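Here are some exercises to work through with the viewer open. Try each task before reading its solution.

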Amino acid sequence: TMGYNHEAYQREVLTKMGLDFDKLTDEQKYMALEPMDAPENYHCDGEISNREADIRWGARLKEVGFSALQVYNIKRNMG
């Protein structure tokens with residue numbers, strides 16, 4: 001049987017966001033996919049609003065080294 005390949009999934013999604021998978025750190029991969037892969041972390045276990053979560057995520061994307069254009073493309077392609 002064919003197993004689930006998380007790296008292949010990450011590569012596909014991040015490439016669709018316009019990112020070069022092979023140049024991303026593990027932290028960048030995690031952060032870009034956090035709303036989908038770790039919604040409890042994205043929403044701080046439900047303690048913040050959707051708007052607050054989005055603002056916080058954008059700041060954290062920049063903290064791990066994404067440019068403003070990359071943040072825009074990540075957010076645009078996540079929805």
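Helices here are DSSP runs of H or I with at least four residues, numbered from the N terminus. By that count, Pro 39 lies in helix H3. Keep in mind that you're looking at a predicted model.

**Exercise 1. Get the overall picture**

Task: Work out which elements the protein chain has, and how its radius of gyration compares with the globule rule.

Solution:
- Step 1. Start with the elements: the protein chain has five helices and zero strands. Read from the N terminus, that gives α-α-α-α-α.
- Step 2. Now check the radius of gyration. The protein chain comes out at 13 Å, close to the 12 Å that the globule rule gives for 79 residues, so it is as compact as a globular protein of that length.
- Step 3. For the outline, use the principal axes: the C-alpha trace spans about 40 × 30 × 20 Å along them.
- Step 4. Look at burial next. Of the 79 residues, 35% count as buried.
- Step 5. Then take the contacts between residues at least 6 apart in sequence: 40% of them join residues at least 24 apart.

**Exercise 2. Surface and charge**

Task: Find how much area the protein chain exposes, and how many positive and negative side chains the protein chain has.

Solution:
- Step 1. The exposed area is about 5300 Å², and carbon and sulfur atoms supply 50% of it.
- Step 2. Counting charges gives 10 positive and 14 negative side chains.
- Step 3. Take the centre of each set: the two centres lie 7 Å apart.

**Exercise 3. A helix that comes up short**

Task: Compare the span of helix H2 with that of a straight helix of twelve residues, then say what covers the buried residues of H2.

Solution:
- Step 1. H2 covers residues 26-37, and a straight helix of twelve residues would span 16 Å at 1.5 Å a residue.
- Step 2. Go from one end C-alpha atom of H2 to the other and you get only 13 Å.
- Step 3. List the buried residues of H2: Gln 28, Lys 29, Met 31, Ala 32, Leu 33, Glu 34 and Pro 35.
- Step 4. Their cover includes helix H1 (6-16), helix H3 (39-42), helix H4 (50-63) and helix H5 (68-78).

**Exercise 4. Two positive phi angles**

Task: Which loop holds Cys 44 and Asp 45, and what is phi at Cys 44 and at Asp 45?

Solution:
- Step 1. Recall the background: most residues other than glycine have a negative phi.
- Step 2. Place the pair. Cys 44 lies in the loop between H3 and H4, and Asp 45 lies in the loop between H3 and H4 too.
- Step 3. Read the angles: Cys 44 has a positive phi of about 50° although it is not a glycine, while phi of Asp 45, also a residue other than glycine, is near 55°.
- Step 4. Check accessibility. Cys 44 is partly exposed at 21%, whereas Asp 45 is exposed at 60%.

**Exercise 5. Around H3 and H4**

Task: Find where Arg 56 sits and which residues are in contact with Arg 56 once neighbours within four places in sequence are left aside.

Solution:
- Step 1. Arg 56 belongs to helix H4 and, at 30% relative accessibility, counts as partly exposed.
- Step 2. Beyond those neighbours, Arg 56 touches Asn 41, Tyr 42, Cys 44 and Ile 48.
- Step 3. Pick out Tyr 42: 14 residues from Arg 56 in sequence, with 8.3 Å between the two C-alpha atoms.
- Step 4. Go back to Pro 39 in helix H3. Pro 39 is partly exposed at 35%, and its C-alpha atom is 9.8 Å from that of Ala 53, 14 residues away along the chain.

**Exercise 6. Buried or partly exposed?**

Task: Sort Leu 24 and Gln 70 by accessibility, then look up their contacts.

Solution:
- Step 1. Leu 24 is in the loop between H1 and H2. Buried means under 20% relative accessible area, so Leu 24, at 12%, counts as buried.
- Step 2. Leaving aside neighbours within four places, Leu 24 is in contact with Leu 14, Leu 19, Lys 29 and Phe 66.
- Step 3. Gln 70 is in helix H5 and, at 28%, counts as partly exposed.
- Step 4. With neighbours within four places again set aside, Gln 70 is in contact with Leu 19 and Gly 65.
- Step 5. Finish with a C-alpha distance: Gln 70 and Gly 18 are 52 residues apart in sequence and 7.8 Å apart in space.

Technical notes
Residues numbered from 1 in each chain as written. Predicted model: local features only at pLDDT ≥ 70, side-chain atom pairs only at ≥ 80, totals over all residues. Heavy atoms only, no water. Expected span 1.5 Å × (residues − 1). Buried < 20%, exposed > 50% of the residue type's maximum accessible area, 1.4 Å probe, protein only. Contact = heavy atoms within 4.5 Å. Rg over C-alpha atoms; globule rule 2.2 N^0.38 Å. Areas by Shrake-Rupley, 256 points an atom, 1.4 Å probe, with all protein chains shown as cover. Lys, Arg positive; Asp, Glu negative; His and termini not counted. Charge placed at Lys NZ, Arg CZ, Asp CG, Glu CD.
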